[in-house]
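Me: I am new to protein structures and would love a guided look at one part of this one. Could you pick a surface patch, take me through it slowly, and then set it beside the rest?

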Amino acid sequence: MYQFNYGYELLELTKKFNKPISEIVMLAEQERTGEDLEVIFEKMKKNLQVMREAINKGLNEDIKSVSGLSGGDAKKLYARIVIGNTLSCETMAKAAASALAVTEVNASMGRIVAAPTAGSSGVIPGALITVARKFGKNEDDMTKALFTASGIGIIIAKNATLAGAEGGCQAEVGSASAMAAGALVELMGGTPEQCLTAAAFAIMNLLGLVCDPVAGLVEIPCEKRNALGALNAMICADFAIAGMDSVIPFDEVVETMYRVGKAIPSALRETAEGGLAKTPTAMRLKKEIFEKEKRGD
Amino acid sequence: MREFSVFDIMGPIMIGPSSSHTAGAARLAKIARKIADDEIKEVEFILYESFARTYKGHGTDRALLAGILGFDPDDERLPRSFEIAKELGLKFKFTESDKEAPHPNTVRMIIKTSDGKTYDILGCSVGGGNVLLKEINGIEVEFTGEYETLITTHIDKPGIVAAVTKVLADCNINIAFMRVYRHAKGDKAIMVIESDQPIPERAKEVIKNIDGILNAIILNPV
């Protein structure tokens, strides 16, 4: 009764039952699994807690990735925010720092929520928790927004892909950004249509983004792209709430993302054989890490 | 169209950095620990292809050892598994192989238990934290660890499958998937049964006593 494969089906359900996306997604989950709504809700709340813990850890502790390639940048940005010196406004800078924080925690073998993947785990917490804090939203509001995000993610997973190896970074950070954008719109009281419009804008803005991780590790440029994905989600949510139209409907944008992903050469789909991964510096870093592995340091 | 749970999309909660190279590795080793079904004294991990090339950058080595210690992929002790294993007196070793493997992310785990048995288990991490077990003690198998799984070792002879499935039927357990694997006719064989319901311990004990059954273990979903 509540199942959906496409954005237009999800919107029809929200109209038919006069409920926001988050509730339709929860009911669909209940219908599929037979679990109590409360249990499903609490499980999602746990995800939110892990996201918040990761942000706090990344902003306040000295993080170093396992490879030594990255870490500590979230803390650096946070220090600028504290003294009020960032060029972006405080909300934007905080969202960026929070997204960075989660991805740095991920690279340092800390605990995160794959949202939808480990490589894009910073986008949703960065955008959602920062915006929720600014507007005084509570734990339940944020948990609901995570269901909205999941509903959008389910549609993308069904009709395109969430894997960088298949669709490039647009499939990971792009999808996460679309999920976050829709979640923000619902959090701020927007309509279901506006949620999907924001998600469509988010993918359109990141269409074609390649996956080219230095040394094959989810660090450079992935961490900074997570910050970009979080900010993109906020801008796109603003677009939709302001009443802008994406012109190309969400479902067609998702299909486009899949088609573009197929057209991206394999060297730019997580194989670390193209893009930034192929630069002289990246090759040197890869060799250094690789040799360290051989020596067993 | 494939069905997804919201928690396939928003989740799992895991220790980073990689669902295939970290979370999947921990799950593989945790399944291996359950197959060994006894105190583990020593383990050697033989790493193939992508696992062999990138295991340190992804913390695959620590994740594998954490799984052998019984930790889940979201256990925050995972990065300290080397230290914890040393404290417990568990010996471990990592060997890089340049041989080909069934999948880019493949590991062979050679486990020695305190009762003197050796287990040789091959598995692959196939993406998103999902895994496939491919070999147990030289016998080819294939299962995911996502279901309640009963694994028997037995002598390949008539009647064994019927006897085992009768025990399960008597416990009102529905079999989701089932396969039998063997070295050679009349030799040692392995049966893997994945079920929709939890398999009670008493069923395992009854199965162990069936003539021709050498061992039976139950893996809860990992």
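Reply: Happy to! One definition comes before anything else: UniProt positions are given here in the numbering used for this structure, feature names are shortened, and an annotation may be inferred rather than shown by experiment. Please also keep in mind that this is a predicted model.

Let's go to the patch. Phe135(A), Met188(A) and Ile241(A) together make a nonpolar surface patch of about 250 Å². To find Phe135(A), look in chain A for the loop that runs between helix H6 (123–134) and helix H7 (139–159). Is Phe135(A) buried, partly exposed or exposed? Its relative accessible area is 44%, so Phe135(A) is partly exposed; that label is for values between the 20% limit for buried and the 50% limit for exposed.

Now zoom out to the chain that carries this patch. Chain A is built from 13 helices and one strand. If you walk along the sequence, five helices come before the strand and eight follow it, in the pattern α-α-α-α-α-β-α-α-α-α-α-α-α-α. The C-alpha trace spans about 60 × 45 × 40 Å along its principal axes. A compact globule of 297 residues would have a radius of gyration near 19 Å, and chain A agrees with that, having 19 Å. Of these 297 residues, 56% count as buried. On the outside, the accessible surface of chain A comes to about 11,900 Å², with 54% of it belonging to carbon and sulfur atoms. As for contacts between residues at least 6 apart in sequence, 75% join residues that are at least 24 apart.

For a contrast with the patch, visit Thr106(B), which sits in strand E4 (residues 105–113) of chain B. Thr106(B) counts as buried because its relative accessibility is 0%, and the cut-off for buried is under 20%. Leaving aside residues up to four places away in sequence, Thr106(B) touches several others, among them Ile46(B), Tyr48(B), Phe51(B) and Leu122(B). Asp74(B) lies 32 residues from Thr106(B) along the chain, and their C-alpha atoms are separated by 21 Å.

Finally, here is the annotation that the definition was for. An unreviewed UniProt entry lists residues 149–222 of chain B as "domain: ACT". In the model, this stretch of chain B is 26% helix and 41% strand, and the C-alpha atoms at its two ends are 10 Å apart.

Methods
Residues numbered from 1 in each chain as written. Chains lettered and ligands numbered in written order. Predicted model: local features only at pLDDT ≥ 70, side-chain atom pairs only at ≥ 80, totals over all residues. Heavy atoms only, no water. Helix = DSSP H or I, 4+ residues; strand = E, 2+ residues; numbered from the N terminus. Patch = residues over 30% accessible without salt bridge, like charges linked within 9 Å, V, L, I, M, F, W, Y side chains within 5 Å. Areas by Shrake-Rupley, 256 points an atom, 1.4 Å probe, with all protein chains shown as cover. Salt bridge = Lys/Arg side-chain N within 4 Å of Asp/Glu carboxyl O. Buried < 20%, exposed > 50% of the residue type's maximum accessible area, 1.4 Å probe, protein only. Rg over C-alpha atoms; globule rule 2.2 N^0.38 Å. Contact = heavy atoms within 4.5 Å.
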